[in-house]
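Please work through the following exercises with the sequence and the model at hand, and try each task before reading its solution.

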Amino acid sequence: MNRQKWRSIKHVLLTALVFLHIHSFAQCPPNIGFELGNFDNWECSIGSISQNTGDITLTASRPASNRHTLIQSDVNQIDDFYGGFPVSCPNGSGYSIQLGNPSTGRQAERVSYTFTIPSDQNNYSIIYNYAVVFQNPGHADWEQPKFTANVFDVTNGTYIGCSSFSYAASSNLPGFKESTVKDSVFYKDWTPVTIKLSGYAGRTIRLEFTTNDCTRGGHFGYAYIDVNENCSSPISGNIYCLNDASQKLIAPYGFEGYKWFNKDFSKVLGNEITLVLSPVAAPNTVLAVEVTPYPDQGCVDTVYTTIQLITEPLTLVTKSLVEACVNPGVNLTVPLITSGSSAGLSLSYFLDSSLTGYLPNPRAVTKNGVYYIKATNTAGCISAKPISVKIYDFPVFTVTDPKAVTRPSTINLQSTIGGNTTGVVFSFWQDQEATRSVSQPDLIGKTGTYYIKGTNAGGCAVTEAVNIVVNEPVIIPPNAFSPNGDGVHDNWEIPLIYL
């Protein structure tokens, strides 16, 4: 084998090794995000909460019907009954789960996942997404319905306090809203949280998600859960692609305060959850962010990230403006919205440019505004672009039946329209389904029901019926004629009969 050929093969092998390293670095343990469409590698448990002590007793089980429920994002697109948010996580993944249910009876449920962090990955994190629905009976705190997310260090036999959270039903929980369907039910729609596991390389970790009803058995609590399938740095966006002119770093979700620094902390770079670098930073640049939790929700911590350049390009193309009718609204997930983008992108949808608030239902956007689509490719590169949505109401106009006329008079259908017609285009039809058009709507000379369809710029259309009456004239034929060629009454004709 000649030297030049060996160098070519060596270059290909090294490129493949780097690619595999990056991809393995970016991936979570298998099925941690339910991407296989099942509960493989998860342990399911069911049990109850004690009425007297509030202690939870659980027994391992197969996924229990109506207590461990798998939800596929492309099927059964329904909203939660009490909260009105979609039951599928809007983070772009294929599956989510519902833990618990709106039944009562002191039920408790848990799902847990045990894995070992690779020994060479000290900069490690997991982002999970949750939505919660509680009844709030006003019991003592330990008696309330709860959702708990714990991280257990199996290696050391201790819970990691800074990454464990518990939410008990309350009317003043941050971010919770009261249901419009039922009093005393509070909900929080999909929210991302980052579990920081930096410095835990080589340790075995267990995630535990638990829901329970109230201890008295009369009030429910349940949650929806999904785990992102990328477990690289706690700071996302540190990987940028070849054609990126700027990059957006996103700090761990779920904290009250953020402060970005350069490597030696000599310069403060920003104090928001996101940090935009334009132009992009040089590869191997190290940055840090100090995160401050909300009261009683963790510990102050500092996490680091190293900027990486990937030669795999990422192209995200979005429409600048999408217009639609209020019903059904705009579906931002249809391929046409991002036509021309790179293949194989994972897309998620947000309310804000910092990419912290999920758009609750990207399949049915019914409010005007600017939204944001975030794309992630298989190498971990991220791109986000805004998209404007313009929603139109249905046109409102009136149609009034005109007075009857007598042939040869005609009726102009346009004259029957009233109300606010600004920006409305009208068409005229012989049937309500608008399949047979009227050829001369300004010269209607036949009795019948006609249909006027008004359509605005958003494609919203309303069809109204108008009743036309055209009476036949009284026909009196002449009783004489004089065919003498003088041009007067030379022919015997019945007036109006041919009209």
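**Exercise 1.** Which handedness does the link of C325 and C460 have, given the angle about its S-S bond?

This is a predicted model, in which local features need pLDDT of at least 70 and side-chain atom pairs count only at pLDDT 80 or more, while totals for chains, interfaces and linings use all residues. Residues are numbered from 1 along each chain as its sequence is written, and side-chain values use heavy atoms, with hydrogens and water left out.

Begin with the bond itself: C325 and C460 are joined by a disulfide with an S to S distance of 2.3 Å, a disulfide being a pair of cysteine sulfur atoms within 2.5 Å. The angle about the S-S bond is 130°, and the link of C325 and C460 is right-handed. Next, place the partners: C325 belongs to strand 22 (residues 321–325), whereas C460 sits in the loop between strand 30 (448–455) and strand 31 (461–468), 135 residues apart. Strands here are DSSP runs of E, at least two residues long, numbered from the N terminus.

**Exercise 2.** Determine whether C241 and C381 are bonded, and describe the geometry.

The sulfur atoms of C241 and C381 are 2.0 Å apart and form a disulfide. The torsion about their S-S bond is about 105°, so this disulfide is right-handed.

**Exercise 3.** Why does C44 form no bond with C89?

The closest cysteine sulfur to that of C44 is in C89, but the distance is 18 Å, which is too far for a bond. C44 counts as buried because its relative accessibility is 2%, where buried means under 20% relative accessible area (1.4 Å probe, protein chains only).

Notes. Helix = DSSP H or I, 4+ residues; strand = E, 2+ residues; numbered from the N terminus. Buried < 20%, exposed > 50% of the residue type's maximum accessible area, 1.4 Å probe, protein only.
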